[in-house]
Amino acid sequence: MAAASPTFSLTLRVYWEDTDAGGVVYHASYVRFLERARTEWLRAAGYDQTTLRGRDNLLLVVRAMRLDFLAPARLDDLLTVTVTPVEAKGAGLRCRQSVLQGERLLLTAEVDVACLRAADFRPTRIPAGLLAALMPTPGAPC
């Protein structure tokens, strides 16, 4: 499979269910937005969670996450959520993510993902084919 673009973007709209009583995006909703973008990034690279689990006995799970909230999003805003892989090592993959409204940066995140065997939740090396599909071409800027 061809290597993914260094940065993947997903556009989504803020719905009522994503907000608090004041119409501002609730902080936990950003975690769902980031997850959706990583899932679609994986799909765009030719992989999906169901196949990885069923065929390959693999799970990609969040191990750690750091979020910096910079500005609020509101009901009906159109957002762009990005994923940029920055480092892969053994069973781990680090991504930088952002949430933007137009050019305005609302949130930055650093997410550490672990590759586990689905059968026993033990860490396992990210398969070379999956890694090649997700990481930028060697030598290309991240």
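The following exchange concerns salt bridges and side-chain exposure in a predicted model.

Reader: What makes the contact of R38 with E35 a salt bridge?

Author: The closest N and O atoms of R38 and E35 are 2.5 Å apart. The cut-off is within 4 Å, so the pair qualifies as a salt bridge.

Reader: Where do R38 and E35 lie in helix α1 relative to each other?

Author: In helix α1 (residues 27–44), R38 and E35 are three residues apart, which means that about one helical turn separates them.

Reader: Why is R38 called buried?

Author: R38 has 8% relative accessibility. Buried means under 20%, and R38 is therefore buried. Its partner E35 has a relative accessible area of 33%; this value lies in between 20% and 50%, so E35 is partly exposed.

Reader: How do you know that D68 and R66 form a salt bridge?

Author: The N to O distance for the side chains of D68 and R66 is 3.3 Å, and because this is within 4 Å, the term applies.

Reader: Why is R66 called exposed?

Author: The relative accessibility of R66 is 54%. Exposed requires over 50%, so R66 counts as exposed. D68, at 28%, is partly exposed.

Reader: What makes D120 and R117 a salt bridge, and how exposed or buried are they?

Author: Their closest N and O atoms are 2.7 Å apart, which is within 4 Å, so the pair is a salt bridge. D120 is partly exposed at 36%, and R117 is partly exposed at 32%.

Reader: Which residues are linked in a network of salt bridges?

Author: The network links R63, E87, R94, R96, E110 and D112. The search of the whole structure finds eleven salt bridges.

Notes: Residues are numbered from 1 along each chain as its sequence is written. This is a predicted model: local features need pLDDT of at least 70, side-chain atom pairs count only at pLDDT 80 or more; totals for chains, interfaces and linings use all residues. Side-chain values use heavy atoms; hydrogens and water are left out. Helices (H or I, at least four residues) and strands (E, at least two) are DSSP runs, numbered from the N terminus. Buried means under 20% relative accessible area, exposed over 50%, partly exposed in between (1.4 Å probe, protein chains only).
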